[in-house]
Amino acid sequence: MTVIVLSGPIGAGKSSLTSILAEHLGSQGFYEGVDTNPILPLYYKDMSHYTFLLNVYLLNHRLAQINQAIQEKNAVSDRSIYEDALFFKMNVDSKIADATEFKIYDSLLHNMMAETPGNPSKKPDLLIYIHVSLDTMLKRIQKRGRSYEQLSSDPSLKAYYERLLKYYEPWFENYDESPKMMIDGDKYDFVIDEDAKKEVIQLVDAKLTELGNL
Ligand SMILES: Nc1ncnc2c1ncn2[C@@H]1O[C@H](COP(=O)(O)OP(=O)(O)O)[C@@H](O)[C@H]1O
Ligand SMILES: Nc1ncnc2c1ncn2[C@H]1C[C@H](O)[C@@H](COP(=O)(O)O)O1
């Protein structure tokens, strides 16, 4: 059994690479269910009010997916459970969210992820981080066109996205729950360019071989 999780900022290409890798590895792809998330549009309207609820909703959703994924032969998931605390902490630091709510969320996360007898590890076998620049991130958010993520509907989102990118660098450096690798999302246009797609697949295959998972 091999569980791969994708990570990276909004629009980095996680869902796209999940489909590519799931097809390549003959695995099931697990997606965030953005279109069926009832809290997300509310969150973008009022982050102070909805950060806690959104993250509890996502925690529940991601745990259900992890429990399914670890029963599959192979699985690829389009965002790790470990990144939600990054969003939440960033909102606390910028006084958008409440520090006590974050503490409660963080403790819930740790209890849910704890390995206890009869409760197997929920850690992935490999985390792939897609690194993108702000320019690429903004272009891809615009290309995908989810209304509530657009700078045209809320220009202050530019500062939010900029802040998010700054939080991702140290987060990835410090991430130690599983083996990890980085893909340069600025360099590899794996959605459109077939050669770039092949190169990225080769990089992932090489990492899985090194880890003894292929
Ligand atoms: N490497 C890439 N090259 C070109 N376009 C990309 C790339 N990755 C993603 N895209 C495009 O950017 C948009 C966002 O991609 P998506 O996979 O939904 O990102 P995420 O899941 O990280 O939010 C989509 O329109 C997708 O087609
Ligand atoms: N934990 C989160 N807090 C705030 N916003 C989040 C969180 N997890 C995901 N999101 C948002 C970001 C995007 O608008 C959508 C989906 O993410 P994507 O990176 O496009 O797959 O949800």
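User: What makes the pair formed by glutamate 32 and ligand 2 a polar contact?

Analyst: A polar side-chain atom of glutamate 32 lies 2.4 Å from an oxygen atom of ligand 2. A polar contact is a pair of N or O atoms within 3.5 Å; within protein, one atom must be able to donate a hydrogen and the other to accept it, and residues adjacent in sequence count only if both atoms are side-chain atoms. The value 2.4 Å is within 3.5 Å, so the pair is a polar contact. This is a predicted model, in which local features need pLDDT of at least 70, side-chain atom pairs count only at pLDDT 80 or more, and totals for chains, interfaces and linings use all residues. Residues are numbered from 1 along each chain as its sequence is written, chains are lettered from A and ligands numbered from 1 in the order in which they are written, and side-chain values use heavy atoms, with hydrogens and water left out.

User: Which distance links arginine 79 to ligand 2?

Analyst: A polar side-chain atom of arginine 79 is 2.5 Å from an oxygen atom of ligand 2. For tyrosine 44, an N or O atom of the side chain is 2.6 Å from a ligand 2 oxygen.

User: How much of ligand 2 does the protein bury?

Analyst: Alone, ligand 2 exposes 470 Å², and the protein buries 98% of that. Accessible areas come from the Shrake-Rupley method with a 1.4 Å probe; for residues, only the protein chains shown count as cover.

User: Why do Lys14 and Glu149 count as near ligand 2?

Analyst: A residue is near a molecule or strand if one of its heavy atoms lies within 4 Å of it. In total, 17 residues surround ligand 2, and Lys14 and Glu149 are among the closest. Therefore both are near ligand 2.

User: What makes eight residues of this shell "charged"?

Analyst: Asp, Glu, Lys and Arg count as charged; Ala, Val, Leu, Ile, Met, Phe, Trp, Tyr, Cys and Pro as nonpolar; the others, Gly among them, as polar. The shell around ligand 2 has eight charged, eight nonpolar and one polar.

User: Why is the link between aspartate 189 and ligand 1 a polar contact?

Analyst: A polar side-chain atom of aspartate 189 lies 2.7 Å from a nitrogen atom of ligand 1. That is within 3.5 Å, so the pair is a polar contact. Lysine 14 has a polar side-chain atom 2.8 Å from a ligand 1 oxygen. Glycine 11 uses a polar backbone atom, 2.9 Å from an oxygen of ligand 1. The protein covers 89% of the 560 Å² that ligand 1 has on its own.
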